[in-house]
Amino acid sequence: MGLSFLPRLVNSPFGDPALFVPFRYQNRAMLFDLGDIASLSARDILKISHIFITHTHMDHFVGFDRLLRIFLGREKKLFLWGPQGFLANLEGKLAGYSWNLVGNYGHRFSFQAVELHPDRAIVKRYPCRDGFATDGSVREMPFNGIVLNEAALTVNAVHLDHGIPVLGFALRERFHINIMKEQLERLKLAPGPWLSRFKAMLYRGADPKTPVDIPSSKHPYASLSFPLGELKSAIVRISPGQSLAYVADAAGTDENFDRICNLADGVDHLFIEAAFSHAQQDIARRKRHLTARQAGALALSCRVKQCTPFHYSPRYTDCPGMLEAEVENAFGQPSSIHR
């Protein structure tokens with residue numbers, strides 16, 4: 001199966017949590033958590049369209065200022081999600097600066113932020129041109145676990161306990177569209193932007209009779225046209241969609257375990273904190289974090305294909321292999337662990 005997105009941790013397992021998820025063949029990326037993102041280039045940061053914040057402890061949100069500085073003056077809307085209290089924390093960040101000059105910007109940058117409660121979502125918009133004061137369009141709607149629902153993918157969230165409410169997330173592609181290059185060549189069709197439009201039609205379930213217009217490779221002002229269903233049969237192979245789950249900062253409780261398993265069941269790649277050795281589970285319990293053994297056991301219970309542990313306590317700086325080995329022993333495979 002070809003990959004639609006290429007997730008990678010921004011920092012080492014001892015660094016701040018942040019998972020960067022760029023999409024192939026698109027100038028787009030998502031970000032899970034917003035710790036220190038100094039190692040991300042401005043070019044990569046400008047690809048980000050959606051940011052999913054587990055909670056606003058400093059190591060999960062300190063990168064907000066760098067992100068904000070790079071996006072100022074851009075024609076861009078950023079979408080953010082976080083747990084209870086998120087909007088007040090975001091507004092506190094934005095209130096820390098003076099915005100008297102933003103009226104000079106020609107572009108209309110804004111945030112749309114969503115605060116997720118177990119039963120509802122509160123949505124606010126923060127336009128740059130108004131000094132990021134909310135524009136008054138506060139909306140409240142039921143929350144059913146789905147935070148993003150696009151034609152090609154969904155993102156789900158669950159509430160977990162870390163002494164405060166935190167969120168875990170799962171990103172799932174509905175199905176994967178594999179374009180067979182040899183078939184394109186056989187039909188003398190050149191790849192191009194039309195493929196993105198074609199895929200979008202397949203994801204939204206357009207009528208198979210819908211015409212797909214394709215620029216001619218021989219005549220720049222001419223085009224070819226195929227019925228959607230016919231073109232799909234000729235050049236497409238459908239395979240299961242790609243998926244990942246992201247879990248950071250969760251107490252090792254039965255309720256959390258159940259919610260994580262429901263969220264991450266069967267995903268291709270689980271990114272999960274492994275803060276402490278199980279020998280120090282008392283400390284993990286007190287600080288409301290997972291141990292490495294618990295992280296590996298959850299990966300096994302969720303039947304994931306690959307598990308990447310992260311968010312190690314700095315007390316293991318001299319022996320990171322201890323945590324990796326605990327995850328491997330519980331999951332049953334080598335780390336950055338493939339099944």
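Student: I'm looking at the end of α8. Which residue follows the helix, and what is its phi like?

Tutor: That's G266, which comes after α8 and has a positive phi, near 75°. Keep in mind that this is a predicted model.

Student: Okay, back to the helix itself. Which residues of α8 are buried?

Tutor: Start with the general idea: an α-helix has 3.6 residues a turn, so residues three or four places apart point the same way. Now the case here. α8 spans residues 254–264, and its buried residues are N256, F257, I260, L263 and A264. They sit on the same side of α8 because they cover an arc of only 130° around the axis.

Student: And which exposed residues are on the face turned away from that buried side?

Tutor: D254 and N262 are the exposed residues carried there.

Student: What do the buried residues of α8 pack against?

Tutor: Four strands and a helix: β10 (153–161), β11 (165–173), β16 (243–247), β17 (269–273) and α10 (292–301).

Student: Let's move to cores. How many residues does the largest nonpolar core have, and which have the most contacts inside it?

Tutor: The general idea is that in soluble globular proteins, nonpolar side chains tend to be buried together. In this model the largest nonpolar core has 33 residues, and L67 and F111 have the most contacts inside it. Several elements each supply at least two residues, among them β3 (29–32), β4 (48–52), α3 (64–71) and β6 (110–116). The largest share, 5 residues, comes from α3.

Student: If I click on F111, what is it in contact with?

Tutor: Leaving aside neighbours within four places in sequence, F111 is in contact with residues including F64, L67, L68, L78 and L80. Its partners also include K124 and R125. There's a second, separate core too, with 32 residues, including A274, C302, C307 and V327.

Student: Now the pockets. What is the volume of the largest pocket?

Tutor: About 780 Å³. It is lined by 27 residues, and R24, Y25, Q26, I177 and K199 are the closest to its centre. β12 (175–179), α5 (181–186) and α6 (194–203) each supply at least two lining residues, with the largest share, 5 residues, coming from α6.

Student: How do the residues of that lining divide into nonpolar, polar and charged?

Tutor: The lining of the largest pocket has 14 nonpolar, 7 polar and 6 charged residues.

Student: And what about the second largest pocket: which residues lie nearest its centre?

Tutor: Look for D59, H289, H311, S313 and P314, out of 18 lining residues. The volume of this second largest pocket is about 230 Å³, and its lining divides into 7 nonpolar, 6 polar and 5 charged residues.

Key:
Residues numbered from 1 in each chain as written. Predicted model: local features only at pLDDT ≥ 70, side-chain atom pairs only at ≥ 80, totals over all residues. Heavy atoms only, no water. 1 Å grid on protein atoms, 1.4 Å probe; cavity = no way out; pocket = protein on both sides within 12 Å on 5 of 7 lines; lining within 4 Å. Points joined across faces, edges and corners; volume = space filled by probe spheres on them. Nonpolar A, V, L, I, M, F, W, Y, C, P; charged D, E, K, R; others polar. Buried < 20%, exposed > 50% of the residue type's maximum accessible area, 1.4 Å probe, protein only. Arc of directions from axis to C-beta. Contact = heavy atoms within 4.5 Å. Core = buried A, V, L, I, M, F, W, Y, C linked by side-chain atoms within 4.5 Å.
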